[in-house]
Amino acid sequence: GPVFNVSLVYRLDGDDFVVEVPYSDIRYMPDYPITYVTPLPMFGAAGVEDEGFMFVPEGGGALINFNNGKLSQNTYYGNLYGWDYGVQRTELVNETRNTFPVFGMSKNGSSFICIMEGASSMGGVQADISMRYNSYNWLCAKYNVIHAEKYNVSAKTEQMVYMYEAEMPDVTIRQRYRFVNSGSYVEMANAYGSYLRENIPELVGAVASEKTPVVVELVGAIDKTVVKFGLPIDSVVPVTTFKEAEGVISELKEGGIENMSVRYSGWANGGIYQKVLTGGHVINSLRRG
């Protein structure tokens, strides 16, 4: 049957907790190749009574609140640096692309970040809330080991056969957990900034200028299916009203940001998925509040 040997190396590096998985030590049966590994999948997992959020490297960084009840949404997963185009892609539902190798969790006033130092291009970040499969909010990194692909034996049969890579890459997974004595995502970002300055000398002493361009995107309204009179009806739901958008921009200006490029989408002609803009019909619900 399927038997695997995987070495996990735990060590302390100052105040950091470092986990390593050397691919050179992985052993498996030829008939049962190992396709991926997930180190410490429940590290820091939070229960239904805990308060906090999970940080994922989506865009410039995104938060998933604990116990938010959004079980109709899919489990979160994002490939680090985008899709591996060496593997067949039959359909594109959404583009999963993480641009920097770090994730984290804030729970009950304290937090940690995990920096994917080694074999990050082999990995992706996955997360989920409680009550889908178990009672925990969890996130972790998942790494490809041996890529697999299916193909048809011939045009005369529908039988599919798996093909695997001939050998594993010579890499070592390395995850660095850094703990933050705060539940603020700002302090988590500062901890990652400190790590970058420690490892990239060019960043030491670098300070962003007040005139550095900042791109701000606000979404006015989105299209959503809501239930009215017991029937599913396509509706336009306000997300950021004009007054709220004004407040966001004012707050950024008061914080010293001068050079802003603001994009406000979904404000006319049916929301974010509007038709060809031949005329402007402002969404009334955005005028309120």
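**Reading strands and rings**

User: In which sense do strand β10 (residues 110-118) and strand β15 (residues 172-180) pair, and over how many bridges?

Analyst: They pair in the antiparallel sense, over 7 bridges. Strands here are DSSP runs of E, at least two residues long, numbered from the N terminus, and two of them pair if DSSP finds at least two bridges between them. C114 stands opposite Y177 in β15. By the way, this is a predicted model: local features need pLDDT of at least 70, side-chain atom pairs count only at pLDDT 80 or more, and totals for chains, interfaces and linings use all residues. Residues are numbered from 1 along each chain as its sequence is written, and side-chain values use heavy atoms, leaving out hydrogens and water.

User: What is the strand order of the open sheet?

Analyst: It runs β2-β3-β15-β10-β9-β6-β7, 7 strands with antiparallel pairing. β2 (9-13) and β7 (62-65) each have a single partner strand, so they stand at the edges with one side lacking a neighbour in the sheet.

User: And how do I read aromatic rings, say F43 and F112?

Analyst: A ring pair is described by the distance of the centres and the angle of the planes. Rings of Phe, Tyr and Trp (its six-membered ring) pair with centres within 6.5 Å; planes under 30 degrees apart are stacked, over 60 edge-to-face, the rest tilted. F43 and F112 have centres 5.3 Å apart and planes at 90°, so they are edge-to-face. They lie 69 residues apart, F43 in the loop between β5 (36-37) and β6 (52-56), F112 in strand β10. Both belong to one aromatic cluster with Y10, F17, Y177 and F179.

Notes
Helices (H or I, at least four residues) and strands (E, at least two) are DSSP runs, numbered from the N terminus.
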